[in-house]
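Here is a friendly briefing on aromatic contacts and on open and enclosed spaces. Please have the model open as you read.

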Amino acid sequence: MPSVCYIDGEIVPLAEARIPVDDLGFQRGFGVFDFFRTYGGRPFRAREHLRRLRESATAVGLAFPWEEGELLELVGRLLARAGFPEANLRLIASGGSSPDFLTPPPNPRLVAIASPLQSYPAEWYERGIALTVVRRERSFPEAKTVNYLAAVSGIAAAHRAGAVEPLIVDRDGLVREGETANFFAVVSGTLVTPGWGILRGVTRELVLELARGFLRVEERDLPFPELAEADEAFITATNKEIVPVVNIGGREVGSGSPGPETRKLMAAFRRFTGAFAASGA
């Protein structure tokens with residue numbers, strides 16, 4: 001079955017969806033989105049994702065007139081229409097159609113897409129992945145915006161280098177996050193992750209909850225040179241879950257294989273999402 005899309009009050013096959021060229025999301029990259037998925041056919045942590053969507057809109061000054069209950073109902077209708085066993089869900093709030101291609105109108109546009117769940121290579125999880133390194137600053141790092149120019153370019157360059165995506169390091173030499181994922185490292189038995197200047201991922205928050213059951217956890221500045229001391233590293237994202245990182249910028253992390261703490265967290269995450277899928281509630 002094809003992906004389906006809600007746009008301008010209608011649900012249509014994605015291939016038939018159209019957005020006006022005067023929309024500020026298209027013209028200026030003025031828009032925000034959030035992405036979540038199902039387990040057992042049910043949206044996972046949907047309220048957290050919708051809350052972050054609203055917070056992203058607030059951060060960039062985009063009007064957001066939709067209520068949580070309205071959006072949850074829309075998600076339910078999309079999933080029912082799509083009929084996928086498991087699905088990805090993408091909700092986009094764009095600036096809407098602007099006569100001067102710059103000034104946001106009073107009515108933003110809402111787009112929602114349900115598509116089949118995407119899987120990633122098993123090798124990523126069994127053997128780990130490589131990251132490149134880019135030094136740059138993200139505009140509105142706390143918001144999940146549709147402006148992915150740097151991400152699209154950076155990920156393409158990473159792929160050419162045999163890596164999955166770049167790790168962002170800021171002008172002060174502090175590790176921030178991946179282009180599409182949050183970043184963690186295990187240093188001297190402590191799980192370390194940057195605590196500010198990042199998009200606070202929903203999967204990141206769950207991983208922190210799980211990790212506190214058996215690991216010391218620190219949310220703090222992570223200077224890039226400290227990665228040379230890391231025994232393990234991994235990234236987290238809704239679509240990727242937890243992916244071990246075994247090489248950063250051409251340098252092996254730890255032993256060069258997924259480490260024991262990473263594997264424990266991967267197993268804990270699978271148990272948690274498996275219980276959610278089985279609960280049916």
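A pocket, as the word is used here, is an open set of grid points with protein on both sides within 12 Å along at least five of seven lines. By that standard, the second largest pocket of this predicted model has a volume of about 290 Å³. The largest pocket comes to about 990 Å³, and the search of the whole structure also finds two cavities of 30 Å³ or more.

**Aromatic pairs**

- The count of aromatic pairs comes to seven.
- One of them joins Tyr120 and Trp124, a stacked pair at 5.0 Å centre to centre with 25° between the planes. Tyr120 and Trp124 are both buried.
- Phe184 and Phe234 are also a stacked pair, because their ring centres lie 4.8 Å apart and their planes meet at 15°, and the cut-off for stacking is under 30 degrees.
- This pair links distant parts of the chain: Phe184 belongs to strand 10 (residues 182-187) and Phe234 to strand 13 (residues 232-237), 50 residues apart.
- Phe184 has 0% relative accessibility and therefore counts as buried. Phe234, with a relative accessible area of 0%, is buried too.

**A ring cluster and its charged neighbours**

- Tyr39, Phe44, Phe272 and Phe276 are linked into a cluster by ring pairs.
- Two arginines sit over rings of this cluster: the charged end of Arg37 is over the ring of Tyr39, 3.6 Å from its centre, and the charged end of Arg42 is over the ring of Phe276, 3.9 Å from its centre.
- Arg37, Tyr39 and Phe44 turn up again below, among the residues that line the largest cavity.

**The largest pocket**

- Its lining is made up of 45 residues, and those nearest the centre are Phe33, Lys144, Thr145, Tyr148 and Glu179.
- Both helices and strands contribute: among the elements that each supply at least two lining residues are strand 3 (31-39), helix 2 (46-60), strand 9 (175-178) and helix 6 (202-211).
- Helix 5 gives the most to this lining, with five residues.
- By class, the lining of the largest pocket has 18 nonpolar, 17 polar and ten charged residues.

**The second largest pocket**

- Here 15 residues form the lining, with Ile7, Ile19, Ile92, Val111 and Ile113 nearest the centre.
- Strand 1 (4-7), helix 1 (24-28), strand 5 and strand 6 each provide at least two residues of the lining of this second largest pocket.
- Strand 5 and strand 6 also each supply at least two residues to the lining of the largest pocket.
- The lining of the second largest pocket divides into ten nonpolar, three polar and two charged residues.

**The two cavities**

- The largest cavity holds about 60 Å³ of space.
- Its lining consists of Arg37, Tyr39, Phe44, His49, Val202, Thr203, Ala237, Thr238 and Phe269; strand 3 and helix 6 each supply at least two of the lining residues.
- In the lining of the largest cavity, five residues are nonpolar, three are polar and one is charged.
- The second largest cavity has a volume of about 30 Å³, and the residues around it include Asp231, Glu232, Pro244, Val253 and Thr262.
- Strand 13 and strand 14 (241-248) each give at least two residues to the lining of the second largest cavity, and strand 14 gives the most, with three.
- By class, that second lining has six nonpolar, three polar and two charged residues.

Definitions and conventions
Residues are numbered from 1 along each chain as its sequence is written. This is a predicted model: local features need pLDDT of at least 70, side-chain atom pairs count only at pLDDT 80 or more; totals for chains, interfaces and linings use all residues. Side-chain values use heavy atoms; hydrogens and water are left out. Rings of Phe, Tyr and Trp (its six-membered ring) pair if their centres lie within 6.5 Å; planes under 30 degrees apart count as stacked, over 60 as edge-to-face and the rest as tilted. Buried means under 20% relative accessible area, exposed over 50%, partly exposed in between (1.4 Å probe, protein chains only). Helices (H or I, at least four residues) and strands (E, at least two) are DSSP runs, numbered from the N terminus. A charge sits over a ring if NZ of Lys or CZ of Arg is within 6 Å of the ring centre and within 35 degrees of the ring normal. On a 1 Å grid over the protein atoms alone, a cavity is a set of points where a 1.4 Å probe fits but cannot get out, and a pocket is an open set with protein on both sides within 12 Å along at least five of seven lines; lining residues have an atom within 4 Å of a point. Grid points are joined across faces, edges and corners, and a volume is the space filled by probe spheres set on the points. Ala, Val, Leu, Ile, Met, Phe, Trp, Tyr, Cys and Pro count as nonpolar, Asp, Glu, Lys and Arg as charged, and the others, Gly among them, as polar.
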